[in-house]
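Reader: I am a first-year student, and I would like to look closely at one part of this protein. Please take me through it slowly.

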Amino acid sequence: KVYYTLLERWARPYDLEAKYSQAEPEAINLWEVELNLGEGLPVKKTLSKGPVQIKGKELLVEGKPFFIKGIAYQPTPIGYNVAEYDIFSDANIYNRDFKLLREMHCNTIRTWARVTGKAFLDAAYNNGKDPIYVIMGIWINPHTLDYSNPLHRKRVIEEFESYVKEFKDHPAVLMWSIGNEQNAWYKGDVSLWYSLVNDMAKASF
């Protein structure tokens, strides 16, 4: 069983067996959702031997408890569309921002798009001095992909597997963020999305 706290408008059962209970009487839109995932969906793995570990409910980095103080990071210059501009290749922008983020004592950023270069991660990690860890995003379009189509699933899984293999050993990498609000935007059977994510994790582990 997996528990989530969601806004009411995102808490839709779709084809998953779900049980809803209001979490706080004074918080009208806050709900606790209990999802009974189908057999075979949860991904079980041994404890990581790398620098990032999860023990129980605690996140550890280099063996020490890690508290994320972060922001979502995908700056786009005026006049450009986010899909048209590769921020991860513009050192002028991210070096400017990393300086400001360190002054804010920010230790983590999350991207929406796929990180495209090692230089970006090198600048974030800063040789381990006041490092900024990266939650590595990968955009998966909920409007154009059919998660029931084996060819679509194969393409997404292979892209993610390649992404993980390319950057998994970089010390700036904290974790992976797959898609964004797929449960809200995907118009098909959302349980297919959850099974796809698990298949991505299995292929990349």
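What covers the buried residues of H2?

Author: This is a predicted model, in which local features need pLDDT of at least 70 and side-chain atom pairs count only at pLDDT 80 or more, while totals for chains, interfaces and linings use all residues. Residues are numbered from 1 along each chain as its sequence is written, and side-chain values use heavy atoms, with hydrogens and water left out.

Helix H2 spans residues 118-125, and in this helix Phe120, Leu121, Ala123, Ala124 and Tyr125 are buried, where buried means under 20% relative accessible area with a 1.4 Å probe, counting protein chains only. Helices here are DSSP runs of H or I with at least four residues, and strands are runs of E with at least two, numbered from the N terminus.

The cover over the buried residues of H2 includes two helices, H1 (91-103) and H3 (150-167), together with the strands E8 (108-110), E9 (133-138) and E10 (173-178); this rests on contacts, meaning heavy atoms within 4.5 Å. Just after H2, asparagine 126 takes a positive phi of about 55 degrees.

The three covering strands also belong to an open, parallel sheet of four strands, ordered E7-E8-E9-E10, in which strands pair if DSSP finds at least two bridges between them. At its edges lie E7 (70-72) and E10, each of which pairs on one side only. E7 and E8 are joined in the parallel sense over three bridges, and isoleucine 71 has isoleucine 109 in E8 as its bridge partner.

Definitions and conventions
Buried < 20%, exposed > 50% of the residue type's maximum accessible area, 1.4 Å probe, protein only.
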